[in-house]
Amino acid sequence: MRIGILSDTHDRRERTARAVRLLLDSGAEALIHCGDLTVPDIVYECAELPSTFVFGNNDEDEAGIRSAIEAIRGTCLDFGGEIALGGKRIAVAHGDIGKQVRRLVAAGPDYFLFGHSHVPTDERDGPTRWINPGALHRAEAWTVALLDLELDDLRFLKVR
């Protein structure tokens, strides 16, 4: 199973639409957004695939975002949580709340997906692979990530 990973879209709807199209064209079968959507409209750009979301530090309209997630039948993990996809345990948080990060990583998931720094990251720490897809706002390059869970293969994709 291939999952598309986005973060820090910061209400850039057209750029998010291009990113989602790029992920779809690259074979993504599900999407995970690691927070800082900032507006509910971003959720609708992710509606073409099963999508999971967490809130980031700039997601002040939690009620509106949550309502949009419900409307597309997505999954909301609030400020962080864990899901299972493709036989793997995937923890997701925005990454700005240290206590939340420590709690999720302490459970030993296969992957910890996060955002906040706007910097693409791929590191291993013990049993967990830490992945930040980068950002679609305030970043040197706009990037998302495609993770093949079966092959444990990660690719960062530039969004134009």
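This note covers the open sheet, helix 3 and aspartate 148.

1. Basis. The model is predicted: local features need pLDDT of at least 70, side-chain atom pairs count only at pLDDT 80 or more, and totals for chains, interfaces and linings use all residues. Residues are numbered from 1 along each chain as its sequence is written, and side-chain values use heavy atoms, without hydrogens and water.

2. Sheet. Six strands (DSSP E runs of at least two residues) form an open, mixed sheet in the order 4-3-2-1-10-11. Strand 4 (75-76) and strand 11 (153-158) are its edges, each pairing on one side only. Pairing requires at least two DSSP bridges. Strand 1 (residues 2-6) runs parallel to strand 2 (residues 30-33) over four bridges. Leucine 6 stands opposite histidine 33.

3. Helix 3. Helices are DSSP runs of H or I, at least four residues. In helix 3 (residues 62-71), Gly64, Ile65, Ala68 and Ile69 are buried (under 20% relative accessible area, 1.4 Å probe, protein chains only). They fall within an arc of 140° down the axis, taken from the directions to the C-beta atoms, so they line one face. Ala63 and Glu70, on the other side, are exposed (over 50%). The cover over the buried residues includes helix 2 (41-45), strand 3 (51-53) and strand 4. Arginine 73 follows helix 3, with a positive phi near 60°.

4. Aspartate 148. This residue lies in strand 10 (residues 143-148). Aspartate 148 is buried, at 12% relative accessible area. A polar atom of its side chain lies 3.0 Å from the backbone nitrogen of leucine 151. Beyond neighbours within four places in sequence, aspartate 148 contacts (heavy atoms within 4.5 Å) Met1, Arg2 and Asp153.

Terms used. A polar contact is a pair of N or O atoms within 3.5 Å; within protein, one must be able to donate a hydrogen and the other to accept it, and residues adjacent in sequence count only if both atoms are side-chain atoms.
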